[in-house]
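Biologist: Mind walking me through this one? Let's start at the ligand.

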Amino acid sequence: MDISYIINELGEERGSYFNAVAPPIIQSSNFTFNTVDDFRNALGDEFEANLYSRGNNPTLNILRQKLAALDGAEDALVFSSGIAAITVPVLALLKQGDHIISVDNPYSWTVKLFKNFLAKFGIETTFVDGTKTENFEFALRPNTRLIYLESPNTFSYDLQDLQAVAVLAKQHGIITMIDNSYCTPLFQQPAKLGIDLVAQSATKYIGGHSDVVAGILTGSKALIKKIFDHEFMNTGASLSPHSAWLLIRGLRTLPLRLQRSFESTGKVIAWLKQQPQVDKVLWPFDGDFKQADLARQQMTGCGGLFSFTLKDSTLPKIEAFCNNLKHILMAVSWGGHESLVIPAIAGIAKTDYDIGNFRHQLIRVYVGLEEPEYLINDLKRSLNLSF
Ligand SMILES: *Cc1c(COP(=O)(O)O)cnc(C)c1O
């Protein structure tokens, strides 16, 4: 299916709402029935009916059709946050005594889900360095039910060979799931490489304007229905129709925004690598990146998040550099119009800073939609003021 068709037309029945170009926000909690028979059918299978907006809602259904098609999947669910789109399917697929193999250092709340939340229910997780596929194989147990991936990682950019991991998992009847927030389906299509479930934080690139928190999950109709029928309905982590409408609006410009972020990031990095104060730059499409070949094999483009280190990585220097930035804002999240910075040291106590720990030295930058020269000037100004 054409991306332009998916984004601009799929799922939109304009004839039923005055030929309006923008879809209506069906801000209704419930839906009426004319006969007991119709009502009974809807209650019997809420997955297929507009009954109550914790389950289905027409505005959300437009969005779900587009998201499934973009991922090349049969169906999609949308959630009130990215972490709900990760937590709910994991709760649906696993039971007490099951085992998960997760890639090392996924998104922070995913780590907490595996280490703290699931541990309470007797579900164990082994974390492995996912840059080598055999590490997943070594960690296999008879009770392994899920292999969880995040490629690229959003701080270290480590990749997993998605096709190889999918083949391994299928041999052992294990479900695979990935957090694809970094690439979006425009730059990476894990389902085509054999991954079963694809999650995204729609708060990032899909929303794209830093004004909505949302999550996406796509997969086979059978898996999506299984998740919908129980854990999705029970956790109630559904998205409001207004937020769904913002995501549909975000999708309209996603290809433009992603391409701009990708190209500007290349320019910013090319400049940064020439600066004497800068040590290493991590970005999957950088020629020096250790997994650059795999990146170009399974991704068609690269997101605007990258990390770098300073040659002088003492705490005061990292802090000065971040404090002196004027236009690149200091904040969590990414994927919006605005460029952002977050140093790893913001997430640890000052006394815990270990200058020998590469992960502690990292400064993560998100390149948004501003002119790249504007961002380069901000970086230049801050480097000059800080050193
Ligand atoms: C932000 C983020 C999430 C969590 O999404 P929320 O919408 O904040 O719940 C998950 N994974 C990655 C990679 C993220 O950046």
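Biologist: How far is a backbone N or O atom of Ile 83 from an oxygen atom of the ligand?

Modeller: First, this is a predicted model, where local features need pLDDT of at least 70, side-chain atom pairs count only at pLDDT 80 or more, and totals for chains, interfaces and linings use all residues. Residues are numbered from 1 along each chain as its sequence is written, and side-chain values use heavy atoms, leaving out hydrogens and water. Ile 83 makes a polar contact (a pair of N or O atoms within 3.5 Å) through a backbone N or O atom, and its distance to a ligand oxygen is 2.8 Å.

Biologist: And how much of the ligand does the protein bury?

Modeller: Taken alone, the ligand exposes 380 Å² (Shrake-Rupley method, 1.4 Å probe). Of that area, the protein buries 90%.

Biologist: Which residue has a side-chain N or O atom 2.9 Å from an oxygen atom of the ligand?

Modeller: Gly 82 uses a backbone N or O atom, 2.8 Å from a ligand oxygen, so to speak of a side chain we need another residue. The one with a side-chain N or O atom at 2.9 Å is Ser 201.Biologist: Why is H10 largely enclosed by the rest of the structure?

Modeller: Helix H10 (a DSSP run of H or I, at least four residues) covers residues 241–252. Its buried residues (under 20% relative accessible area, 1.4 Å probe, protein chains only) include Trp 245 and Leu 246. H10 is largely enclosed because its buried residues number 9 of the 12.

Key: Helices (H or I, at least four residues) and strands (E, at least two) are DSSP runs, numbered from the N terminus. The expected span of a helix is 1.5 Å times one less than its number of residues. Buried means under 20% relative accessible area, exposed over 50%, partly exposed in between (1.4 Å probe, protein chains only). A polar contact is a pair of N or O atoms within 3.5 Å; within protein, one must be able to donate a hydrogen and the other to accept it, and residues adjacent in sequence count only if both atoms are side-chain atoms.
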